[in-house]
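Hi,

Here is the structure I said I would pass on. Have a look at it first, and my notes follow underneath.

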Amino acid sequence: MREIVGNDGLIGMEDISGNMITSGKRYEVRNKQPDEWRRQVLPVPATVVPANGVAQVQVQPQRLFKGKRLSLTQTDGAGAFVTGCRIADLKIGQNSQFVAAGNQPVECYKPEAVSSYVDLDDADIG
């Protein structure tokens, strides 16, 4: 994520020439540090997929968003966990977030899974 920082965030720092920034109307675009990010949630709607069926789920964030964890569940009508569902692709815009073609079991992204952390592309609004 990138942000614009004004004088208050730059005073006391050195510019690229090594000069100390003391005042003036200067601005800098810099990368946000990880400790400055907020945790945000992008809800995924409940989707019914018939047996041996396929479904496409689309979500549209209302502000800039960068996914860091994917959490999915798959249950039957009674709420019992079922197995066998697979993710064929995960896209941000037109870009696949998978590094190779293939299917990924939904079980990899159960809420209690410890390896469900991802580093997705930035998602634009809408």
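**What I found**

The chain's secondary structure amounts to 1 helix and 8 strands (both are DSSP runs, numbered from the N terminus: H or I over at least four residues for a helix, E over at least two for a strand). Read from the N terminus, the order of elements is β-α-β-β-β-β-β-β-β.

Some ground rules before the details. This is a predicted model, in which local features need pLDDT of at least 70 and side-chain atom pairs count only at pLDDT 80 or more, while totals for chains, interfaces and linings use all residues. Residues are numbered from 1 along each chain as its sequence is written, and side-chain values use heavy atoms, with hydrogens and water left out.

How far can you trust it? The average pLDDT (the predictor's confidence in each residue, from 0 to 100) is 77 for the chain, and 71% of the residues score at least 70. Confidence is lowest in strand β1 (residues 2–5), with a mean of 52, and highest in strand β6 (residues 95–96), at 92. Where pLDDT is low, the predicted coordinates should not be read in detail.

On to the surface and the inside. The accessible surface (Shrake-Rupley method, 1.4 Å probe; for residues, only the protein chains shown count as cover) is about 10000 Å², and carbon and sulfur atoms account for 51% of that. Of the 126 residues in the chain, 17% are buried (buried is under 20% relative accessible area, exposed over 50%, partly exposed in between, with a 1.4 Å probe and protein chains only).

Which residues make up the largest nonpolar core? There are 10 residues in all: Phe65, Leu70, Leu72, Ile87, Ile92, Val106, Tyr109, Val118, Leu120 and Ala123. Such a core is a set of buried Ala, Val, Leu, Ile, Met, Phe, Trp, Tyr and Cys residues joined through side-chain atoms within 4.5 Å.

Two core members are worth finding on screen. Phe65 sits in strand β3 and counts as buried because its relative accessible area is 14%. Its C-alpha atom is 8.7 Å from that of Asp121, 56 residues away along the chain. Val118 is in contact (heavy atoms within 4.5 Å) with Gly67, Lys68, Arg69, Leu70 and Tyr109, leaving out residues up to four places away in sequence.

Next door in sequence to Phe65, have a look at Leu64, in the loop between β2 (28–31) and β3 (65–66). Leu64 is partly exposed, because its relative accessibility is 45%. From Leu64 to Gly126 the C-alpha distance is 9.1 Å, with their places 62 residues apart in sequence.

Glu107 belongs to another loop, between β7 (104–105) and β8 (122–123). At 23% relative accessible area, Glu107 is partly exposed too. Beyond its neighbours within four places in sequence, Glu107 touches Gln74, Phe81, Val82, Thr83, Gly84 and Cys85.

Cheers
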